[in-house]
Amino acid sequence: MRVTRIVYLNGAWIPEADARISIFDRGFLFADAIYEVTAVIGGKLIEYAGHAARLQRSTEELAMPCPLSPEALLAVHREIVRRNDLQEGLIYLQISRGAADRDFAYPQDAAPTLVLFTQAKAVVDNPKVKTGISVAMQPDLRWARRDIKTVQLLYPSMAKMEAARLGADDAWLVEDGFVTEATSASAHIVTKDGTLVTRQLSQAILHGITRASTLDLARRAGIPVDVRPFTPKEAMDAAEAFITSATSFVLPVTKIDGQPVGSGVPGPVSARLRELYIAEKLASAI
């Protein structure tokens with residue numbers, strides 16, 4: 001029997017079935033909302049400080065107030081873990097500008113809507129770690145401010161569905177001849193000489209928290225890192241490929257557009273980085 005989750009909605013703890021948001025909420029009408037995802041392992045938050053900092057940046061970029069102080073927001077994350085006895089999985093947080101009569105102009109007096117909910121999931125023992133995932137190249141038709149983590153996820157959903165139709169697990173998005181990122185993760189390759197290549201930060205990609213940690217771990221482990229765009233052909237000719245995200249950590253990509261990457265099995269660089277990432281982030285979880 002499915003256990004009903006307890007969710008957080010604007011200061012109240014309620015069963016998920018009782019959660020209600022106005023039809024005039026701008027998150028619903030305009031996708032005028034941002035979100036964050038924090039992994040939980042052993043009942044502790046993974047890389048929370050990075051996600052909280054990115055949330056603050058997103059609110060500032062959209063001139064959207066956060067209804068809770070940093071200390072209160074951390075307390076809510078810990079409480080939702082406790083109330084749902086979440087040992088392993090994810091916490092999704094979403095802030096919208098709030099409810100107001102429909103108008104493209106931002107309302108001046110709307111109260112933000114804040115929602116948090118949990119999702120139990122095996123984030124460490126992901127079966128795809130052993131096999132890798134397959135991706136299909138798709139055009140990147142998202143809006144230009146991908147550095148803001150908004151809920152505008154329709155096109156990534158469309159790209160993922162098209163990838164599934166083609167028999168792949170996910171899509172890598174391509175713009176102006178270069179890979180930007182996956183539908184919900186950062187994209188990386190490892191060249192035949194062992195160099196990790198990933199695109200530089202800009203408005204074209206999300207500033208991934210797991211991406212930043214993985215690059216730091218790679219440099220400390222003596223793995224050469226080249227921060228630059230790469231082409232789909234480079235990716236298909238690479239020795240390895242992988243994605244990074246809060247939901248998958250470091251996950252190998254073993255097939256692109258139906259063709260094997262390298263030997264067609266997860267490679268040693270991605271395996272090492274995943275091991276290093278999990279060990280370090282478990283040790284620093286809060």
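The accessible surface of the chain amounts to about 13,600 Å², and 57% of this area belongs to carbon and sulfur atoms. These values, like the others reported here, were computed from a predicted model. Buried residues account for 48% of the 286 residues in the chain. With regard to charge, 32 positive side chains are accompanied by 33 negative ones, and the centres of the two sets lie 3 Å apart.

The overall dimensions were examined next. The C-alpha trace spans about 55 × 40 × 40 Å along its principal axes. For a compact globule of 286 residues, a radius of gyration near 19 Å would be expected; the chain has 19 Å and therefore agrees with this expectation. Contacts within the chain frequently join distant parts of the sequence: of those between residues at least 6 apart, 72% join residues at least 24 apart.

The secondary structure consists of 8 helices and 15 strands. An open sheet is formed by 6 strands, which are arranged in the order E2-E1-E6-E5-E3-E4 with antiparallel pairing. Strand E2 (12–15) and strand E4 (44–45) stand at the edges of this sheet; each has a single partner strand, so one side of each is left without a neighbour in the sheet. Within the sheet, strand E3 (residues 33–41) pairs with strand E5 (residues 88–96) in the antiparallel sense, and 9 bridges connect the two. In this pairing, Ala-33 is placed opposite Ser-96 in E5.

Strand E3 also contains Ala-39. This residue has a relative accessible area of 2% and is therefore classed as buried, the cut-off for that class being under 20%. Although Ala-39 and Glu-88 are separated by 49 residues in sequence, their C-alpha atoms are 7.6 Å apart in space. Beyond the residues up to four places away in sequence, Ala-39 touches Lys-44, Leu-45 and Ile-46, together with Gly-89, Leu-90, Ala-246 and Phe-249.

A second buried position was examined in strand E8 (residues 170–175), in which Asp-170 lies. The relative accessibility of Asp-170 is 5%, and the residue therefore counts as buried. When residues up to four places away in sequence are left aside, the contacts of Asp-170 comprise Ser-134, Val-135, Ala-136, Lys-160, Ala-163, Ala-182 and Thr-183.

Conventions
Residues are numbered from 1 along each chain as its sequence is written. This is a predicted model: local features need pLDDT of at least 70, side-chain atom pairs count only at pLDDT 80 or more; totals for chains, interfaces and linings use all residues. Side-chain values use heavy atoms; hydrogens and water are left out. Helices (H or I, at least four residues) and strands (E, at least two) are DSSP runs, numbered from the N terminus. The radius of gyration is taken over C-alpha atoms; the globule rule is 2.2 Å times the number of residues to the power 0.38. Buried means under 20% relative accessible area, exposed over 50%, partly exposed in between (1.4 Å probe, protein chains only). Contact means heavy atoms within 4.5 Å. Accessible areas come from the Shrake-Rupley method with a 1.4 Å probe; for residues, only the protein chains shown count as cover. Lys and Arg count as positive and Asp and Glu as negative; His and the chain ends are not counted. The place of a charge is taken as NZ of Lys, CZ of Arg, CG of Asp or CD of Glu. Two strands pair if DSSP finds at least two bridges between them.
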